[in-house]
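Biologist: I am new to this structure. Can you show me how to read a few of its features?

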Amino acid sequence: MSNLLGSFLSNDSTFGRIMTRVWVIVVSNILFVLCTIPVITIGPGFAALHYTIMKMLRGDGDISPFLTFWEGFKTNLKQGMITWLVLLALAVLVRLEWFWCGQFGGIFEMFRIGLAAIAGSALIAGLYMFPTMAAFKAGLKELLKDSIFFAFRKPLYLIVILFFSIFPMVLTFMDFQMLPLYAFIWVTCGFSLVCLVTDILLLREYEPYLPKVDEFGCIIKE
């Protein structure tokens, strides 16, 4: 009986592998939430979250979420921070312009179409920029080109990623009575689950351009 229970709880068992991945998802999510406290580190934190989830998916999931997240955070600190601050500044600018167009009315209302297009483009760029940053080492200009390439290479993937990135957040603020429950989900695993869906899809596109890895997600030197 003890041998059967030990086999069931082993890291090599199906249950053990599932629980290991749950552990990675929860811990990396909490680490990302901590990165949102100083607002300027949200970008590197988001890249580190993708980095951890991707490494889990490419290996067998048996990784240290603390060490892996920190590795991804350090690697993408500068680029992640610049990308996030640019996107944040753009969002503030679009929001202000949207407000003033409404105040002036008339022909200025037409400018809102352009602002919506800018906002949508920035959203897509942001959703693809951070996972691409986590997967590849390149300059910001090259990463932006790669992000656009992968975003429009598979339009269906783009639609799915947009849905799972936007709908849960919209749902969160639609029912304020359930807000404490939604907040608990976001703090414990929500962001990681969104990244999980995104990375499962994007890794299919990234794989041909990525080096081979072992069962721990570490690069195999040929």
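Biologist: Is helix 3 largely enclosed or exposed?

Modeller: This is a predicted model. To judge a helix, count its buried residues. Buried means under 20% relative accessible area. In helix 3, 15 of the 17 residues are buried, so the rest of the structure largely encloses this helix.

Biologist: What span should helix 3 have, and what do its end C-alpha atoms show?

Modeller: Take 1.5 Å a residue. The 17 residues of helix 3 should then span 24 Å. The end C-alpha atoms lie 24 Å apart, so the two values agree.

Biologist: Now the pockets. How much space lies in the largest pocket?

Modeller: The largest pocket holds about 770 Å³ of space. Its lining has 27 residues, and the closest to the centre are Phe-46, Trp-84, Leu-123, Gly-126 and Leu-127.

Biologist: Which elements give two or more residues to that lining?

Modeller: They are helix 3 (42-58), helix 5 (77-104), helix 6 (111-135), helix 8 (155-172) and helix 9 (179-206). Helix 6 gives the largest share, seven residues.

Biologist: How many nonpolar, polar and charged residues are in the lining of the largest pocket?

Modeller: Sort the lining by class. It has 21 nonpolar and six polar residues, with no charged ones.

Biologist: How many disulfides does a search of the whole structure find?

Modeller: Look for cysteine sulfur atoms within 2.5 Å of each other. The search finds zero disulfides.

Biologist: Are Cys-35 and Cys-195 buried or exposed?

Modeller: Compare each value with the 20% cut-off. Cys-35 has a relative accessible area of 10%, so it is buried. Cys-195 has 1%, so Cys-195 is buried too.

Technical notes. Residues are numbered from 1 along each chain as its sequence is written. This is a predicted model: local features need pLDDT of at least 70, side-chain atom pairs count only at pLDDT 80 or more; totals for chains, interfaces and linings use all residues. Side-chain values use heavy atoms; hydrogens and water are left out. Buried means under 20% relative accessible area, exposed over 50%, partly exposed in between (1.4 Å probe, protein chains only). On a 1 Å grid over the protein atoms alone, a cavity is a set of points where a 1.4 Å probe fits but cannot get out, and a pocket is an open set with protein on both sides within 12 Å along at least five of seven lines; lining residues have an atom within 4 Å of a point. Grid points are joined across faces, edges and corners, and a volume is the space filled by probe spheres set on the points. Helices (H or I, at least four residues) and strands (E, at least two) are DSSP runs, numbered from the N terminus. Ala, Val, Leu, Ile, Met, Phe, Trp, Tyr, Cys and Pro count as nonpolar, Asp, Glu, Lys and Arg as charged, and the others, Gly among them, as polar. The expected span of a helix is 1.5 Å times one less than its number of residues.
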